[in-house]
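Biologist: I am new to this one, so could you take me through it slowly?

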Amino acid sequence: MKKIIFTLLAMAGIAAANAQSKGNVEFGLNTGVSFSTITSTDYYGNPDNNISFNVGGSAEYYFSESWGIKAKVIYDRKGWDNGYIYDINTGDEFRTDFNIDYLTVPVMADWHFGRKKNWYLNFGPYVGFLMSAKETRFDTDLKDDFNTTDAGLALGLGVKIPVSNYIKIFFEYDVQAGFSDIFKDNYDDNVFISRDAINVGINFML
């Protein structure tokens with residue numbers, strides 16, 4: 001048991017000694033649970049959160065031990081539940097859920113802090129490229145009703161845990177807040193989409 005504990009402590013020491021420094025590039029892969037909804041002062045009432053998932057990859061260039069710039073590419077399933085659609089022929093209203101898929105690209109400043117610089121806070125703009133849009137009650141394709149891009153601000157807070165000299169696992173809380181109308185030809189108030197996510201992933205340095 002003592003040998004095992006000593007080995008683990010030695011591995012942790014080596015990993016900590018290999019902290020990021022200027023010029024390093026770190027890559028990452030992650031997945032997570034997403035909670036998204038929309039905000040508007042008109043029509044949508046009280047939509048519920050859409051609970052879904054995201055999968056992404058990232059690359060970060062370090063300017064120093066504390067600062068870097070990180071770019072991500074994320075498959076983001078967003079949307080909202082307990083919305084509604086109209087039958088334009090009958091005027092009937094139906095409750096339904098909406099699944100809106102984006103390929104999201106945030107570009108963020110990344111600040112690393114803490115005694116070993118294992119904590120991080122990142123922030124910056126993102127753009128999302130619409131991939132598909134459907135409602136679930138009748139499985140109707142709604143892509144033509146949505147703008148092809150969404151833009152907003154991204155914010156993330158996380159911690160990295162070294163497991164080897166070049167590999168770390170991480171846990172993070174990730175937020176996206178949209179500030180562009182998601183609907184095309186919208187004559188009512190603007191509708192913005194946002195999402196929170198709890199992610200887990202792996203970082204590796206080449």
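Biologist: Which residues line the second largest cavity?

Modeller: The model is predicted, so local features need pLDDT of at least 70 and side-chain atom pairs 80 or more, while totals for chains, interfaces and linings use all residues. Residues are numbered from 1 along each chain as its sequence is written, and side-chain values use heavy atoms, without hydrogens or water. The second largest cavity (points on a 1 Å grid where a 1.4 Å probe fits but cannot get out, lined by residues with an atom within 4 Å of a point) is lined by Asn30, Ser58, Lys70, Lys72, Tyr120, Phe170, Glu172 and Asn203.

Biologist: Okay, and which strands each supply at least two residues of that lining?

Modeller: Those are β3, residues 67-86, and β8, residues 167-178, where a strand is a DSSP run of E with at least two residues, numbered from the N terminus.

Biologist: What volume does that cavity have, and how many cavities does the search find?

Modeller: The volume of the second largest cavity is about 40 Å³, and the search of the whole structure finds two cavities of 30 Å³ or more.

Biologist: Switching to the outside, which residues make the nonpolar surface patch?

Modeller: Val25, Tyr61, Phe63, Trp67, Ile69, Val107, Trp111, Phe123 and Leu155 make a nonpolar patch of about 770 Å²; such a patch joins nonpolar side chains within 5 Å, from residues with over 30% relative accessible area and no salt bridge. At least two of the patch residues come from β3, and at least two from β4, which covers residues 93-113.

Biologist: Where does Phe123 sit, and why does Phe123 count as partly exposed?

Modeller: Phe123 belongs to strand β5, residues 119-135, and Phe123 counts as partly exposed because its relative accessibility is 37%, given that buried means under 20%, exposed over 50% and partly exposed in between.

Biologist: What about the backbone, which residue in β3 has a positive phi?

Modeller: That is Asn82, with a positive phi of about 60° although it is not a glycine. Most residues other than glycine have a negative phi. Asn82 is found in strand β3 and is partly exposed at 29% relative accessible area.

Biologist: And Lys117, where does that lie?

Modeller: Lys117 lies in the loop between β4 and β5, and Lys117 also has a positive phi of about 60° without being a glycine.

Biologist: Last one: is Ser52 buried or exposed?

Modeller: Ser52, in strand β2 (residues 48-62), is buried, with a relative accessible area of 14%. Between Ser52 and Ser36 there are 8.1 Å in space, C-alpha to C-alpha, and they are 16 residues apart in sequence.

Notes: On a 1 Å grid over the protein atoms alone, a cavity is a set of points where a 1.4 Å probe fits but cannot get out, and a pocket is an open set with protein on both sides within 12 Å along at least five of seven lines; lining residues have an atom within 4 Å of a point. Grid points are joined across faces, edges and corners, and a volume is the space filled by probe spheres set on the points. Helices (H or I, at least four residues) and strands (E, at least two) are DSSP runs, numbered from the N terminus. Patches are made of residues with over 30% relative accessible area and no salt bridge: like charges are joined within 9 Å, nonpolar side chains (Val, Leu, Ile, Met, Phe, Trp, Tyr) within 5 Å. Accessible areas come from the Shrake-Rupley method with a 1.4 Å probe; for residues, only the protein chains shown count as cover. A salt bridge is a side-chain nitrogen of Lys or Arg within 4 Å of a carboxyl oxygen of Asp or Glu. Buried means under 20% relative accessible area, exposed over 50%, partly exposed in between (1.4 Å probe, protein chains only).
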